[in-house]
Amino acid sequence: MAQLIDGKRISQEIKDELKEKVEKLKQEGKRICLAVIQVGEDPASCVYVRNKKKACAYIGIDSESYELPGNTSEEELLALIEKLNHAGHVKGILVQLPLPEHMDADKVIRAISPDKDVDGFHPVSVGRLWIGETGFLSCTPAGIIQLLKRSHISIEGKECVIVGRSNIVGKPMAALLLREHATVTVAHSHTRNLSEITRRADILIVAVGKRRFIGTDDVKDGAVVIDVGMHRDEENRLCGDVDFETVSQKASAITPVPGGVGPMTIAMLMNNCVETVYRESNGKPKDI
Ligand code: NAP
């Protein structure tokens, strides 16, 4: 049976470290405030927003909520973002996705000041990541790097395969693994002989969005398997993109769903919020 990579424990460890940093910052008179904007009442978004606000309260970060009705116009949303961009006390701005269909999410993301882009989705943050400059990191992939490092799994020189090339997971994951000196392959829906490629991986990261898509035949003996997927199975239990039951017999280490990648995303969002203060004072983030 593979070693379980415990995202619950590691995310708690990170949140406790951040709580300590925030306490010290408060003693220096520095406060952090995250503005959370939600448009409409998508049930999943309501849960995510609630959890983000709960994490803020735990760490000692102030949060301001903007719950806008689903029929809010794009102009109204852009005007609110502009106001928050200029609000000195607001250090981070988060717009919960998905947005209603009448809004252009790319335009909304671009409206957020890159200095307050705690989700790391702004093209400036993405560009900084790819050219190796410090910038806000996309939270889920940054969380995966922390899972590996804090589980003492080395990345340097490893053959890493990512299945999925989304802007929020697959692509930034590739950039972060390159930064850690891995050899990286990114597979997607047009990839031929996928199984042959995934079987090469020392570290396999799966972000496809398909229930139990990766099985035991797709994984090399002793591989490290990171499952980003999040679904409900036939019995309404949470499960991932990887068939955990069988793959955990072959892998050397694996993330469970739930309790693997999921809790790391919010922990890294909190880390980005804390970084806003270090950036403000010396233009550089403090290493996590
Ligand atoms: P996405 O935007 O739907 O992207 C899915 C990717 O998988 C695409 O690049 C797609 O390829 C690729 N793909 C689809 N079918 C494939 C196939 N048959 N073979 C190879 N590649 C295939 O999804 P996402 O936003 O990255 O999310 C992926 C999963 O992670 C979802 O289950 C989501 O709920 C979960 N997630 C979890 C967290 C967390 O915090 N735990 C955060 C984000 C996402 P093309 O580009 O060619 O279409």
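Q: Two strands count as paired if DSSP finds at least two bridges between them. In this predicted model, which residue of β3 is the bridge partner of V36?
A: Strand β2 covers residues 33-39 and is joined to β3 by seven bridges. The two strands run parallel. Within β3, the bridge partner of V36 is S65.

Q: Which strands are the edge strands of the open sheet of three strands that contains β2?
A: The strand order in this sheet is β3-β2-β4, with parallel pairing. An edge strand here pairs on one side only, and that holds for β3 (62-68) and β4 (92-95). Neighbouring strands of the sheet are turned by 15 degrees against each other on average, direction ignored. The edge strands are therefore, pairing being decided by bridges, β3 and β4.

Q: What angle does the direction of helix α3 make with that of β2?
A: Seven bridges join β2 to β3. Helix α2 (residues 43-59) packs on their sheet, touching β2, β3 and β4, and its direction makes about 170 degrees with that of β2. Helix α3 (residues 74-85) also packs on the sheet and touches β2, β3 and β4. For α3 the angle with β2 is about 180 degrees.

Q: How far apart do the C-alpha centres of domain 1 and domain 2 lie?
A: The domain assignment of the chain gives domain 1 as 29-120 and domain 2 as 139-262. The distance between their C-alpha centres is 29 Å.

Q: Are α1 and α6 roughly parallel or roughly perpendicular to each other?
A: The axes of α1 (residues 7-27) and α6 (residues 139-150) come within 10 Å and cross at roughly 100 degrees. Angles of 65 to 115 degrees count as roughly perpendicular. The two helices are therefore roughly perpendicular.

Q: How many charged residues are in the contact of α1 with α6?
A: From α1, the residues G7, R9, I10, E13, I14 and E17 take part. They meet Q146, L147 and R150 in α6. By class, the contact has three nonpolar and two polar residues, and the number of charged residues is four.

Q: Which residue in β7 stands opposite V161?
A: Six strands form an open sheet in the order β1-β11-β8-β7-β5-β6, paired in parallel. Its edge strands, β1 (3-4) and β6 (183-187), each pair on one side only. Strand β5 (residues 159-163) pairs with β7 over four bridges in the parallel sense. Opposite V161, in β7, stands L204.

Q: At what angle to β5 does helix α7 run?
A: Helix α7 is made of residues 170-179 and lies across β5, β6 and β7. Its angle to β5 is about 170 degrees.

Q: How many residues apart in sequence are the parts that E234 and R212 tie together?
A: E234 forms a salt bridge with R212, with the closest N and O atoms 3.8 Å apart. E234 lies in the loop between β9 (231-232) and β10 (238-239), and R212 in the loop between β7 (203-206) and β8 (224-227), so the separation of the parts in sequence is 22 residues.

Q: Which residue is joined to P258 by a cis peptide bond?
A: Most peptide bonds are trans. The bond from L97 to P98 is cis, with omega near 0 degrees, and P98 lies in the loop between β4 and α4 (105-111). P258 lies in the loop between β11 (253-254) and α10 (262-282). With omega about 0 degrees, the cis partner of P258 is V257.

Note on methods
Residues numbered from 1 in each chain as written. Predicted model: local features only at pLDDT ≥ 70, side-chain atom pairs only at ≥ 80, totals over all residues. Heavy atoms only, no water. Axes fitted to C-alpha atoms, helices over the stretch in contact; angles between N-to-C directions. Contact = heavy atoms within 4.5 Å. Domains from an automatic or database assignment. Parallel < 35°, antiparallel > 145°, perpendicular 65-115°, else oblique. Nonpolar A, V, L, I, M, F, W, Y, C, P; charged D, E, K, R; others polar. Salt bridge = Lys/Arg side-chain N within 4 Å of Asp/Glu carboxyl O.
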